[in-house]
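Here are a few short exercises to work through with the structure open beside you. Try each task before reading its solution.

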Amino acid sequence: MKLSQFKFKLPEERIALHPTKYRDESRLMVLHKQTGKIEYKLFKDILDYFDDKDVFVFNDTKVFPARLYGNKEKTSARIEVFLLRELNEELRLWDVLVDPARKIRIGNKLYFGPDDPMVAEVIDNTTSRGRTLRFLYDGPHDEFKKALYALGETPLPHSIINRPVEPEDAERFQSIFAKNEGAVTAPTASLHFSRELLKRMEIKGIDFAYITLHAGLGNFRDIDVEDLTKHKMDSEQMVVGPDAVRIVNRAKDLGKHVCAVGTTVMRAMESTVSTDGHLKEYEGWTNKFIFPPYEFSVADSMVSNFHMPLSTLLMVAAAFGGYDLVMDAYQVAIKEEYRFGTYGDAMLILDK
């Protein structure tokens, strides 16, 4: 497959700037892979497609307030710093992106906060935009993290939601089951699940499994090669524990549905699967890149938002649902005024 095959014209007004009032009342397009049939539902209707002992696999990563604004020493130039990951707890080292990158050099100091600012020193240039910062903070690590996060804001992806951060974003850019901190962007398919919907699913006998994949900005990076086999995904930290393995594999053995909630879950499961299609325990990193054609081993259904043109997220959905079917469904979604992006509507792809 070529990058250009995932290009389509998306009207700007189709990109959702805000979430729906209630999580589970976004629109849901149901795509039947075997027949090509499309149904138009509300998200809470997803319950109708699953039964007792079917399994939903969720990503329980938690987004932290990764975007900070600081000032450069001497010039006081305003600098945006995006925290990517903590490299060394003891030394307070963080891998970050800075903007504008051209203004930052090794040895520069940045000041965050108005009165008693937190200070960070640039100690390494790793990429054209990436830097390593050392935060100068003498207190205990938990106090440092609390102080650092107090300076940050909800890291809405500017490329998708081009507006200022609002108070509701702190809650809505987070799934209700977010638990393990480490993501810099939300696994968007998870945002549609409300507590009420999860309770109704539980009453119906549907089981839940939780894996962790700390979603990074690699999900939104531009692909700069036409030949997709030459694209390298950023590595992301992930954990598939024994409980998730037990729940998913039991459903597989019983012939029950396994639904991957989002592209991060699908990539995580496909990163640690046995030759007989069973999930395996794993703790480490993955740079799994899924694009058509691809033979999936674990899930037989998938929840996905409507993603942006040329995105790796769209490619995962197209690989699972079938390239032609999914790309055609996206044109239907545009015509039917579905909402795209992080706060947009959802698609349920059923393989059987």
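Please keep in mind that this is a predicted model.

**Exercise 1. Classify the ring pair of F112 and F135: what is the angle of the planes, and what kind of pair is it?**

Start with how such a pair is described: by the distance of the centres and the angle of the planes. For F112 and F135 the centres are 6.1 Å apart, and the planes meet at 40°. Planes under 30 degrees apart would count as stacked and over 60 as edge-to-face. The angle of 40° fits neither, so the pair is tilted. It belongs to a set of 26 aromatic pairs found in a search of the whole structure.

**Exercise 2. Which parts of the chain does the pair F112 and F135 tie together, and is F112 buried or exposed?**

First, place the residues: F112 lies in strand 8 (residues 109–112), while F135 lies in strand 10 (residues 130–136). The pair therefore ties together parts that are 23 residues apart in sequence. Next, look at accessibility, where buried means under 20% relative accessible area. F112 has 1%, so it is buried. F135, with 2%, is buried as well.

**Exercise 3. Which residues lie over the faces of Y338 and F320?**

Take Y338 to begin with: R27 lies over its face, 3.9 Å from the ring centre. Then turn to F320, where K33 lies over the face at 5.6 Å from the ring centre.

**Exercise 4. How do helix 6 and helix 7 pack, and at what angle?**

Find helix 6 (residues 312–321) and helix 7 (residues 323–335); their axes are 6 Å apart, at an angle of about 125°. Angles of 65 to 115 degrees would be roughly perpendicular and those over 145 roughly antiparallel, so helix 6 is oblique to helix 7. The crossing is right-handed. Now pick out the contact: helix 6 contributes L314, A317, A318 and G321, and helix 7 contributes Y323, L325, V326, M327 and Y330. Just after helix 6 comes G322, with a positive phi near 100°.

**Exercise 5. How many residues of helix 6 are buried, and what do they pack against?**

Count along the helix: ten of the ten residues are buried, so helix 6 is largely enclosed by the rest of the structure. F320, the ring from Exercise 3, is among them. The buried residues pack against helix 5, strand 16 (301–305), helix 7 and strand 17 (346–350). One of these partners, helix 5 (residues 263–271), is itself mostly covered, with eight of its nine residues buried. Those buried residues include R267 and E270.

How values were computed:
Residues are numbered from 1 along each chain as its sequence is written. This is a predicted model: local features need pLDDT of at least 70, side-chain atom pairs count only at pLDDT 80 or more; totals for chains, interfaces and linings use all residues. Side-chain values use heavy atoms; hydrogens and water are left out. Rings of Phe, Tyr and Trp (its six-membered ring) pair if their centres lie within 6.5 Å; planes under 30 degrees apart count as stacked, over 60 as edge-to-face and the rest as tilted. Helices (H or I, at least four residues) and strands (E, at least two) are DSSP runs, numbered from the N terminus. Buried means under 20% relative accessible area, exposed over 50%, partly exposed in between (1.4 Å probe, protein chains only). A charge sits over a ring if NZ of Lys or CZ of Arg is within 6 Å of the ring centre and within 35 degrees of the ring normal. Axes are lines fitted to C-alpha atoms, for helices over the stretch in contact, and angles run from 0 to 180 degrees between N-to-C directions. Angles under 35 degrees count as roughly parallel, over 145 as roughly antiparallel, 65 to 115 as roughly perpendicular and the rest as oblique. A crossing is left-handed if the near helix is turned anticlockwise from the far one by less than a right angle, and right-handed if clockwise. Contact means heavy atoms within 4.5 Å.
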